[in-house]
Amino acid sequence: MIWYMNIIIVLLILACGAGLIATARTRAAQIARMAKMNGCRYDREKDSVTTEQTAGRLEFFTLYFHQYQNVCTCSDKFAFIRVADDNIYKDDDPKTKPIAFTIFTAELKKRQFPALKIAPIDSPFAPSQYALMKTNIPQIDSRYRIHAPTPASALVLTPYIIGLLKTRDNIYLELNDNALVYHENAQMPLAHFQQFRFRALQLLHELENVIVRLDESNPSTTATLTPNTKDPAEMRAEAMIQALCSTHYKTPA
């Protein structure tokens with residue numbers, strides 16, 4: 001009888017061990033470890049990844065219903081930053097499967113972005129209230145819809161970002177006020193999660209440099225661009241785009 005009980009105990013220990021190993025290998029557990037390694041706070045679920053005011057300004061968050069999981073939060077001297085899995089429900093049918101994206105958000109502490117929205121043409125988030133802008137670069141205009149309501153928006157299209165758009169077809173980037181949301185139209189596999197975070201941080205730092213230059217030059221940021229008129233504001237914006245597109249740049253890997 002004793003040997004029988006010992007076998008049961010051993011089997012229970014093995015089962016518990018297998019369960020712990022399986023749990024440690026889940027997406028949530030591995031992202032939690034990556035968050036700790038990066039000095040970030042980890043939350044299994046959150047109601048929002050931005051402040052309520054910010055969520056209302058970014059079109060990405062006003063479309064459909066979003067459920068956030070595996071939220072990693074950190075902060076530096078410039079911004080509050082989050083990386084999260086976003087399950088997006090396009091309707092209220094319980095049988096509808098959500099679209100799963102890994103998203104990167106940032107809210108600047110002291111500065112503001114020029115409003116801009118870049119989305120793949122076939123993205124469900126491509127439509128916008130903002131005026132549509134063309135870059136006259138076939139590799140970009142054939143892949144993306146770019147909405148830019150002010151002349152300052154054009155300055156966000158730096159040679160680095162132009163290079164990204166020319167070589168990738170999956171970028172979603174939206175800026176408004178002090179907030180940014182970025183994703184690559186997919187939920188990142190665990191093997192690529194850190195690389196996605198690094199790419200997004202690179203993009204954020206590029207945009208921070210743009211803002212510094214904008215603050216120094218203080219361009220007009222209030223005139224609305226419209227595709228069918230040629231007012232002075234639009235002409236200045238087109239000149240900015242042409243200057244940026246003709247600048248020599250190094251295409252990112």
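**Exercise 1. Decide whether glutamate 184 in this predicted model is buried, partly exposed or exposed.**

Solution. Start with the value: the relative accessible area of glutamate 184 is 3%. Next, recall the cut-off, under 20% for a buried residue. Glutamate 184 is therefore buried.

**Exercise 2. Find which arginines form salt bridges with glutamate 184, and say where each partner sits.**

Solution. Take arginine 168 to begin with: its salt bridge with glutamate 184 has the closest N and O atoms 3.2 Å apart. This pair links distant parts of the chain, 16 residues apart, with arginine 168 in the loop between α7 (159-167) and β8 and glutamate 184 in the loop between β9 (179-183) and α8 (190-217).

Now turn to arginine 199, whose side chain meets that of glutamate 184 in a salt bridge at 2.7 Å, N to O. Here, too, distant parts of the chain are linked: arginine 199 belongs to helix α8, while glutamate 184 lies in the loop between β9 and α8, 15 residues away. Put the two pairs together, and the shared partner joins Arg168, Glu184 and Arg199 into one network.

Finally, check the accessibility of the arginines. Arginine 168 is partly exposed at 23%, and arginine 199 is partly exposed at 25%. Glutamate 184, by contrast, is buried.

**Exercise 3. Work out which elements are linked by the salt bridge between arginine 57 and aspartate 177.**

Solution. First look at the contact: the two side chains, arginine 57 and aspartate 177, meet at 3.3 Å, N to O. Then place the residues: arginine 57 is in helix α3 (residues 52-57) and aspartate 177 in strand β8 (residues 172-177), so the pair, 120 residues apart, links distant parts of the chain. As for accessibility, arginine 57 has 22% and is partly exposed, and aspartate 177 is partly exposed with 23%. For context, the whole structure holds six salt bridges.

**Exercise 4. Describe the surroundings of strand β3 (residues 79-89) and its pairing with β2 and β4.**

Solution. Begin with burial: eight of the eleven residues of β3 are buried, leaving the strand mostly covered. Move on to β2 (residues 65-75), which runs antiparallel to β3 and is joined to it by nine bridges. A hairpin of three residues connects β2 to β3. To find your place in this pairing, look for cysteine 72, which stands opposite valine 83 in β3.

Last comes β4 (residues 99-108), which pairs with β3 through ten bridges, again in the antiparallel sense. A handy landmark here is alanine 84, whose bridge partner in β4 is isoleucine 103.

Notes. Residues are numbered from 1 along each chain as its sequence is written. This is a predicted model: local features need pLDDT of at least 70, side-chain atom pairs count only at pLDDT 80 or more; totals for chains, interfaces and linings use all residues. Side-chain values use heavy atoms; hydrogens and water are left out. Buried means under 20% relative accessible area, exposed over 50%, partly exposed in between (1.4 Å probe, protein chains only). Helices (H or I, at least four residues) and strands (E, at least two) are DSSP runs, numbered from the N terminus. Two strands pair if DSSP finds at least two bridges between them. A salt bridge is a side-chain nitrogen of Lys or Arg within 4 Å of a carboxyl oxygen of Asp or Glu.
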